[in-house]
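Colleague: I am new to this structure and should be grateful for a short introduction. May we proceed by question and answer?

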Amino acid sequence: MRLTCPHCGSRGLEEFSYRGDATVQRPALEAAEENWVAYVYLRDNPCGAHRELWYHGAGCRAWLVVERDTLTHVVHNVRAVCREETP
């Protein structure tokens, strides 16, 4: 699998690290404990189109949102993370 970094171009997967689900939203600080438990420990394992966070550690060190199909591994889009989305 190859990812096309918006800064570096097409690169092999070994340059990147998978960092998690890009759709998970952090709860407010005053949220109930069960909201925090769900945020930290509970994750879906989707089959199909999905947004993921990847880190280009062996390249430009950018955080990326990768939209890909988890069933076929086809990458549909790669973009830099916006400031509001910074992990």
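Modeller: Certainly; please note that this is a predicted model. Let us begin with a loop: where does His-73 lie?

Colleague: The chain has strand S5 and strand S6, the latter spanning 75-80. The place of His-73 is in the loop between S5 and S6.

Modeller: Is His-73 buried, partly exposed or exposed?

Colleague: The relative accessibility of His-73 is 43%. Buried means under 20% and exposed means over 50%, with partly exposed in between. His-73 therefore counts as partly exposed.

Modeller: What is the phi of His-73?

Colleague: Most residues other than glycine have a negative phi. His-73 is a residue other than glycine, yet its phi is positive. The value for His-73 is near 65°.

Modeller: Which loop holds Arg-61?

Colleague: Phi of Arg-61 is also positive, near 65°. Arg-61 is exposed, with a relative accessible area of 59%. Its place is the loop between strand S4 (49-55) and strand S5 (63-69).

Modeller: In what order do the elements of the protein chain run?

Colleague: The chain comprises one helix and six strands. From the N terminus on, the order is β-β-β-α-β-β-β.

Modeller: What share of the residues in the protein chain is buried?

Colleague: The protein chain has 87 residues, and its C-alpha atoms fill a box of roughly 45 × 30 × 20 Å along the principal axes. The chain exposes about 6100 Å², of which carbon and sulfur atoms supply 48%. Buried residues make up 28%.

Conventions:
Residues numbered from 1 in each chain as written. Predicted model: local features only at pLDDT ≥ 70, side-chain atom pairs only at ≥ 80, totals over all residues. Heavy atoms only, no water. Helix = DSSP H or I, 4+ residues; strand = E, 2+ residues; numbered from the N terminus. Buried < 20%, exposed > 50% of the residue type's maximum accessible area, 1.4 Å probe, protein only. Areas by Shrake-Rupley, 256 points an atom, 1.4 Å probe, with all protein chains shown as cover.
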